[in-house]
Structures are given as C-alpha cells and as structure tokens.
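Here is a short note for a colleague who has not met this structure before. Please keep the sequence and the model open while reading.

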Amino acid sequence: MVFAMALEVGAAALVTWLTWRAATGSLPRNSIAGVRTSVTLSSDEAWQVGHRAALRPTIISGIATATWCTVSIAAAPLDTPVAVLVAAGLLVAGALLSVPAAHRAVRRALPES
C-alpha cells in the first residue's frame, strides 16, 4: 500500500505542477495535459485564465491527497486499499471542481468564449 500511496502523492504533485505551469504561461495550450475543454482550448488567453482559476482547487486537492496518504501510511489501520481509493477520490474531486472554476473565469474574462 505504501507504493500505491506514493504514486498518489506523485500524481497529486504532477497535476498541481502542470496546472501551475499552464496558469503561469509556461505550459502552452495542448491536447495532452491541463484542463482540456472547448472553453479552455478556445484561445491561449482562455487557456491561461482558466488554469489560473483552476489552480486553487487543484492545490487544495493536491494537499489533501498528500496529507491523506501520509496519514494513511503512518496509521496502520488506514493502510488499506480503501485508503488508496479515498486518495484517488480526493484527486478526482479537485479535477471536478477545477473545470467549472476554469469555465466561469474564462466566461467572465472573455465573454465571447
């Protein structure tokens, strides 16, 4: 279970890092990584605005995932497959909250999108 939890922490760090790079403009619009929806892919400006808005929920879910994994590894009763699923759920929840945040921000900043 420790290996699975370490993978979850790595995934949380990767997702957060990619979102940060897109938000700061160092990850260009692409079809592989980032919040890839018709709204965020509509322009380079929409890509960056959307990722700036998505960054907060992404950071929060990344921290929650890493914290949960650390606690689960340290506390033997939590070192179970269910704990790995909870960690994955926390990370997915961040993604699910990031998309509407990105869309709202793009629509506010770029009404024609």
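1. Start with the secondary structure. The protein has 3 helices and 0 strands. Its order along the sequence is α-α-α. Keep in mind that this is a predicted model.

2. Next, the overall dimensions. The C-alpha trace spans about 50 × 20 × 20 Å along the principal axes of the protein. The chain has 113 residues, and 35% of them count as buried.

3. How much of the contact set joins residues 24 or more positions apart? Among contacts with a separation of 6 or more, such residues account for 66%.

4. Now the surface. About 6300 Å² of the protein is exposed. Carbon and sulfur atoms supply 71% of that area.

5. One part of the surface deserves a look. Leu14, Trp17 and Trp20 form a nonpolar patch there. Together these three residues have about 340 Å² of accessible area. Tryptophan 17 sits in helix α1, which covers residues 2-24. Is tryptophan 17 buried or exposed? Its relative accessible area is 44%. Buried means under 20% and exposed means over 50%, so tryptophan 17 counts as partly exposed.

6. Turn to charge. The protein carries 8 positive and 5 negative side chains. The centres of the two sets lie 6 Å apart.

7. How many salt bridges does the structure hold? There is 1 salt bridge. Its partners are the side chains of arginine 29 and aspartate 44, with an N to O distance of 2.9 Å. The pair links distant parts of the chain, 15 residues apart. Arginine 29 lies in the loop between α1 and α2, while aspartate 44 belongs to helix α2. That helix runs over residues 44-74. Arginine 29 has a relative accessible area of 36%, so this residue is partly exposed.

8. Finally, check helix α3, residues 81-109. Alanine 88 lies in this helix. Which residue, 23 positions away along the chain, has its C-alpha atom 7.6 Å from that of alanine 88? The residue is threonine 65. Alanine 88 itself has 27% relative accessibility and therefore counts as partly exposed.

9. To recap for a second pass through the model: view the 3 helices, then the nonpolar patch of Leu14, Trp17 and Trp20. After that, find the salt bridge between arginine 29 and aspartate 44. End with alanine 88 in helix α3.

Conventions:
Residues are numbered from 1 along each chain as its sequence is written. This is a predicted model: local features need pLDDT of at least 70, side-chain atom pairs count only at pLDDT 80 or more; totals for chains, interfaces and linings use all residues. Side-chain values use heavy atoms; hydrogens and water are left out. Patches are made of residues with over 30% relative accessible area and no salt bridge: like charges are joined within 9 Å, nonpolar side chains (Val, Leu, Ile, Met, Phe, Trp, Tyr) within 5 Å. Accessible areas come from the Shrake-Rupley method with a 1.4 Å probe; for residues, only the protein chains shown count as cover. A salt bridge is a side-chain nitrogen of Lys or Arg within 4 Å of a carboxyl oxygen of Asp or Glu. Helices (H or I, at least four residues) and strands (E, at least two) are DSSP runs, numbered from the N terminus. Buried means under 20% relative accessible area, exposed over 50%, partly exposed in between (1.4 Å probe, protein chains only). Contact means heavy atoms within 4.5 Å. Lys and Arg count as positive and Asp and Glu as negative; His and the chain ends are not counted. The place of a charge is taken as NZ of Lys, CZ of Arg, CG of Asp or CD of Glu.
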